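Thank you for making time this morning. I would like to walk you through one model, moving between the whole chain and a few individual residues, and please stop me if anything is unclear.

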Amino acid sequence: MLLLEVISGERLPKPERGKMRVHKINNVNKALDFIASKGVKLVSIGAEEIVDGNAKMTLGMIWTIILRFAIQDISVEETSAKEGLLLWCQRKTAPYKNVNVQNFHISWKDGLAFNALIHRHRPELIEYDKLRKDDPVTNLNNAFEVAEKYLDIPKMLDAEDIVNTARPDEKAIMTYVSSFYHAFSGAQKAETAANRICKVLAVNQENEHLMEDYERLASDLLEWIRRTIPWLEDRVPQKTIQEMQQKLEDFRDYRRVHKPPKVQEKCQLEINFNTLQTKLRLSNRPAFMPSEGKLVSDIANAWRGLEQVEKGYEDWLLSEIRRLQRLQHLAEKFQQKASLHEAWTRGKEEMLNQHDYESASLQEVRALLRRHEAFESDLAAHQDRVEHIAALAQELNELDYHEAASVNSRCQAICDQWDNLGTLTQKRRDALERMEKLLETIDQLQLEFARRAAPFNNWLDGAIEDLQDVWLVHSVEETQSLLTAHEQFKATLPEADRERGAILGIQGEIQKICQTYGLRPKSTNPYITLSSQDINNKWDTVRKLVPSRDQTLQEELARQQVNERLRRQFAAQANAIGPWIQGKVEEVGRLAAGLAGSLEEQMAGLRQQEQNIINYKSNIDRLEGDHQLLQESLVFDNKHTVYSMEHIRVGWEQLLTTIARTINEVENQILTRDAKGISQEQMQEFRASFNHFDKDHVGALGPEEFKACLISLGYDVENDRQGDAEFNRIMSVVDPNHSGLVTFQAFIDFMSRETTDTDTADQVIASFKVLAGDKNFITAEELRRELPPDQAEYCIARMAPYQGPDAAPGALDYKSFSTALYGESDL
């Protein structure tokens, strides 16, 4: 009766003697009804058995009550009450030697487990190191006495009974151990709270480390770009082709050696940034905002600036090499023509200043006059050469030739000499014409020789000059054109040889006349200084130069044919590589659109594509080698392909960046799916809905497309006031920068937040409150006691002093710290 009154909380009426049994049964039924109302199931236990003193039934009922009110509420990691209590004991006693709790009977016989439970929570009550495993009675009594005296746990067990029993009563020990669980429940709550805080702080510390890595990598990359751009902007031209070709070789080293690692760093930086933002979103943290000037967009802008300057630099280098090449050609041509002209004018001034006509006969004067006419004809013929020399000097000046001063000086000397020759020529003509009136005899044959020999000599001089002329060609066709012109020239040689024979025949006729009439022939022709031997010598020179010109042109043709083979070889590879790169970009795009099945299947496909791309790199390297051969041969055009090396490089870098970014996006989707507990079916449903409305396959939805996608998923965003408000709220989440586009990653993040739970600032505040003993503040001592050392010091360094009216010395404000972790205030 007394037990039932205690259980029911009611005073049961005492029965009269005659009605004793009936009243007892009624009283017991009231108690049993109360027990049943608390959710206790009493199977086969009736009031009659209790009243009649059925010990087995009564003890069974008592054990059921103990299970309900002392053990049933115990739960560790969602296990049953018994399993939960056993798991709690195992965790608490794990650090202690000689303790191995596997059950609620023999594991407790030596008493060490009871002492370990007490020492774990109240170390000042037990000197655990002094206990001995071979003295179980002492151990058990020590634990029972300490528990009764300091923890208000009644002594329910007898040490001797436990030691002397092969298998102690499991229910008795379980009941007694549950008293320890309830006594230390406050400490258990503190441990749970500490675990939550440790998890949150670990996430925060990892994110801070990732932020520091991003800042460092971004700074290094921006510094490299800052150092490189001035080098590429340095457009001071060099004086020689060799110096400019060295600058071009330095630029090739930059493109092959120095830039590719930076492309990888830039791509990795973007991947790290996306991964960090994903982790922040998954842990309900505010988005990471890099330092000023270190945004991903800032780095992209700096990179675009680098590539713009880089493209301009290469164009400038090639332009300068072409300019210097042309300058070198013009300078060689100028020096050659200037040397020929100076050789022709050598001695002409002395000749024009002679007064030989003063003592000459009439015939000699006439000869001098005709000779002078021939010289004037020759002088007029050289007028074009002087003008050509001046034009070459002018062009060298306009192209900023580095030795323009020397060229100008030589050109000026030639022009001044030419003007003086003109003046002297006119003066001599005037003198000869005055003497002509006095002299009438002239040798017609010698005159005829002079008239025909002079232009033929000029033709010979022109032929020699043309055969020694330098050229600059860039193709087989241009070289073939020179060969054709040379063949046409050779076709005129028979006619020229006949003219030479006719001129030499005139000289032979003169000798025949002199011989016939016994005249003493003069050793020189009075009308011309040119002799038959001179004509023969020049003719021999022409005949020797013709095969030399043949050989030189054939060598140039062979060189141009080699260049043409290089062009075709490069074009054959480029025409295969260019479409291959474009095809891979399209394949990666199809995989990124989620058309390949599950995320793991997409990842497998992307990894395979990545390996294919890596394996294809050798083709790019071979093409770079062919490109270098072309540039070393100074070949800058290729009509056999639309793909330049720059196009291939840009496409290759774009392909590498696209595959890396796509793999990172899928990794982030897997990370989001696993962290948020999104099923594969949900992820496929999200992808199918997104792709359905992504009509142009750009990987992003406009506002109207996104609204249609939401409606298809059951969201109430119809065109009414309430629907517009809900849609505007969602858009502020998925498009905080108001770009007008919603990416698939932003869509997945939104859907994961809508369908899963995350830890919150309120949860962290509640956990700190448990550690603080329900106070509004916490102390450094409490943090060091409850948290691991590194995380305790992390909190102490960042928590602001508590300013509330109930503040104590050293009080720290854990509420503002918790809200700051989630971006709701500043640390």
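**A walk through the predicted model**

Let me start with Phe-114, which counts as buried because its relative accessibility is 0%. Before I go on from there, I should say that what you have in front of you is a predicted model, so please hear every value in this talk as computed from that model.

Phe-114 has an aromatic partner, and to put that in context, the structure holds 23 aromatic pairs. In one of them Trp-108 and Phe-114 come together in a tilted arrangement, with 4.8 Å from centre to centre and 50° between the planes. Trp-108 is likewise a buried residue, its relative accessible area being 0%.

Another of these pairs is formed by Tyr-176 and Phe-180, and here the geometry is edge-to-face, with the centres 5.2 Å apart and the planes at 90°. How far apart are Tyr-176 and Phe-180 along helix α9? They are 4 residues apart in that helix, which covers residues 170-183, and therefore about one helical turn separates them. Tyr-176 is buried at 0% relative accessibility, and Phe-180 is buried as well, with a relative accessible area of 0%.

Which residues do the ring pairs link into a cluster? The cluster consists of Phe-104, Trp-108, Phe-114, Phe-144, Tyr-176, Phe-180 and Phe-184, so that the two pairs I have just described both belong to it, because Trp-108, Phe-114, Tyr-176 and Phe-180 are among the linked residues.

Let me turn to the helices around Phe-114. Helix α6 packs against helix α7, which spans residues 136-150, at an angle of about 35° and with the axes 8 Å apart, and the crossing of α6 and α7 is left-handed. On the α6 side the contact is made by Leu-112, Phe-114, Asn-115 and Ile-118, while α7 contributes Asn-139, Leu-140, Asn-142, Ala-143, Phe-144, Val-146 and Ala-147. Phe-114 and Phe-144 thus appear in this helix contact, and both are also members of the aromatic cluster.

Now for the loop that precedes α6. Asn-103 lies in the loop between α5, residues 81-93, and α6, residues 112-121. Is Asn-103 buried or exposed? With a relative accessibility of 16%, Asn-103 counts as buried, because the cut-off for that class is under 20%. The side chain of Asn-103 reaches the backbone nitrogen of His-105 at 3.1 Å, and a polar atom of that Asn-103 side chain lies 3.3 Å from the backbone nitrogen of Ile-106. If we leave aside neighbours within four places in sequence, Asn-103 is in contact with Leu-86 and with Trp-108, the latter being the residue that pairs with Phe-114.

His-105 is placed in that loop between α5 and α6 as well, and at 9% relative accessibility it counts as buried. Not counting residues up to four places away in sequence, His-105 touches Arg-167, Pro-168, Glu-170 and Ile-173. For Ile-173 there is also a distance to quote, since His-105 and Ile-173 are 68 residues apart in sequence and yet 6.9 Å apart in space, C-alpha to C-alpha.

I would like to take two glutamates from elsewhere in the chain. Glu-465 is found in helix α17, residues 444-467, and is buried, with a relative accessible area of 10%. Its side chain makes a polar contact with the side chain of Arg-385 at 2.6 Å, and beyond its neighbours within four places in sequence, Glu-465 is in contact with Lys-337, Leu-340 and Arg-385. Glu-632, by contrast, belongs to helix α21, residues 599-632, and counts as partly exposed at 47% relative accessibility. Between the C-alpha atoms of Glu-632 and Leu-248 there are 9.9 Å, although the two residues are 384 apart along the chain.

One further item concerns a charge and a ring: the charged end of Lys-775 sits over the ring of Phe-777, at 5.5 Å from its centre.

To finish with the whole chain, the protein has 30 helices and 4 strands, and buried residues make up 44% of its 827 residues. Of the contacts between residues at least 6 apart in sequence, 75% join residues at least 24 apart.

Terms used:
Residues numbered from 1 in each chain as written. Predicted model: local features only at pLDDT ≥ 70, side-chain atom pairs only at ≥ 80, totals over all residues. Heavy atoms only, no water. Buried < 20%, exposed > 50% of the residue type's maximum accessible area, 1.4 Å probe, protein only. Polar contact = N/O pair within 3.5 Å; in protein donor to acceptor, adjacent residues only side chain to side chain. Contact = heavy atoms within 4.5 Å. Phe/Tyr/Trp six-rings, centres within 6.5 Å; stacked < 30°, edge-to-face > 60°. Lys NZ or Arg CZ within 6 Å of the ring centre and 35° of its normal. Axes fitted to C-alpha atoms, helices over the stretch in contact; angles between N-to-C directions. Left-handed = near helix turned anticlockwise from the far one by under 90°.
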